[in-house]
Amino acid sequence: MTKVTKGGKNLKFRAIVVVGNGKGKAGFGVGKANEVPDAIRKAVEHARKNMIEVPLKDSTIFHDVESKFGPSKVILKPASKGHGMVAGRTMRAFFAVCGIKDIICKCIGSTNPINVLNATVKALQKIKVKGGENEVTPVETT
């Protein structure tokens, strides 16, 4: 981001970072600073504070879920083992650190990375598992 002032151009950097343990726990953070390393450090701190727990069924999610954040809407569908990840680059990064290997995703509307990540996190938080591993409670989306 550049702000033009009387003294010249003032540069600021924004970093978006995703962190996770590969076993169903992941988060993302945004950091802004005058230098790139500082922006990355801030983003990593923010991501670690805002990690979520995602219930996994082997290497995928339990059921279809969709969510909207601002102008971005995401649709997530489970895929069979070995299918692979069909997702855009923003969602792909989040799923990779989360440990999800088989999933089908679609992003409708804005593809702004921050909005897409927020919508993805919101959708993953809607996943509900009831009782045993095979029982699933579908969640209504609006």
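**Exercise 1. Which residue forms a salt bridge with E66, and how far apart are the closest N and O atoms?**

*Solution.* This is a predicted model, so let us begin with the pair itself.
- Step 1: The partner of E66 is K73, and their closest N and O atoms are 3.4 Å apart.
- Step 2: Check the cut-off: a salt bridge needs a side-chain nitrogen of Lys or Arg within 4 Å of a carboxyl oxygen of Asp or Glu.
- Step 3: Look at the surroundings. E66 is partly exposed at 25% relative accessibility, and K73 is partly exposed at 29%.
- Step 4: As background, side chains of opposite charge can pair when their charged atoms come close.

**Exercise 2. Find out how many salt bridges the whole structure has, and describe the pair E45 and R41**.

*Solution.*
- Step 1: Searching the whole structure gives two salt bridges.
- Step 2: One of them joins the side chains of E45 and R41, with 3.3 Å from N to O.
- Step 3: Place the pair. Helix α1 holds both E45 and R41, which sit four residues apart, about one turn of the helix.
- Step 4: Add accessibility. E45 has 39% and R41 has 41%; partly exposed covers values between 20% and 50%, so both residues belong there.

**Exercise 3. Describe the two surface patches, one nonpolar and one positive**.

*Solution.*
- Step 1: The nonpolar patch consists of L11, F13, V36 and I40, which together have about 320 Å² of accessible area.
- Step 2: Take I40 as an example. I40 belongs to helix α1, residues 36-49.
- Step 3: A patch residue needs over 30% relative accessible area. I40 meets this because its value is 39%, which makes I40 partly exposed.
- Step 4: The positive patch gathers K3, K12, R14, K32 and K42 on the surface.
- Step 5: Take K3 from this group. Strand β1, residues 2-5, contains K3, and K3 is exposed, with a relative accessible area of 56%.

**Exercise 4. What is the sign of phi at D58, and where does D58 lie?**

*Solution.*
- Step 1: Phi of D58 is near 60°, a positive value in a residue other than glycine.
- Step 2: For context, most residues other than glycine have a negative phi.
- Step 3: Locate the residue. D58 is in the loop between β5 (52-53) and β6 (65-69).
- Step 4: At 63% relative accessibility, D58 is exposed.

**Exercise 5. Is M85 buried or exposed, and how far is M85 from I100?**

*Solution.*
- Step 1: M85 lies in strand β8, residues 85-86.
- Step 2: Its relative accessible area is 18%; buried means under 20%, so M85 is buried.
- Step 3: Compare sequence with space. M85 and I100 are separated by 15 residues in sequence and by 8.1 Å from C-alpha to C-alpha.
- Step 4: Widen the view: 35% of the 142 residues of the chain count as buried.

**Exercise 6. Sketch the chain as a whole, and say where its confidence is lowest and highest**.

*Solution.*
- Step 1: Count the elements: there are three helices and nine strands.
- Step 2: Write their order along the sequence: β-β-β-β-α-β-β-β-β-α-β-α.
- Step 3: Draw the box. The C-alpha atoms fill roughly 65 × 30 × 25 Å along the principal axes.
- Step 4: Turn to confidence. The mean pLDDT of the chain is 88, with 92% of the residues at 70 or more.
- Step 5: Confidence is lowest in β1, with a mean of 79, and highest in α1, at 95.
- Step 6: Link back to the earlier exercises: K3 is in β1, while I40 is in α1.

Key. Residues numbered from 1 in each chain as written. Predicted model: local features only at pLDDT ≥ 70, side-chain atom pairs only at ≥ 80, totals over all residues. Heavy atoms only, no water. Patch = residues over 30% accessible without salt bridge, like charges linked within 9 Å, V, L, I, M, F, W, Y side chains within 5 Å. Areas by Shrake-Rupley, 256 points an atom, 1.4 Å probe, with all protein chains shown as cover. Helix = DSSP H or I, 4+ residues; strand = E, 2+ residues; numbered from the N terminus. Buried < 20%, exposed > 50% of the residue type's maximum accessible area, 1.4 Å probe, protein only. Lys, Arg positive; Asp, Glu negative; His and termini not counted. Charge placed at Lys NZ, Arg CZ, Asp CG, Glu CD. pLDDT = per-residue confidence, 0-100.
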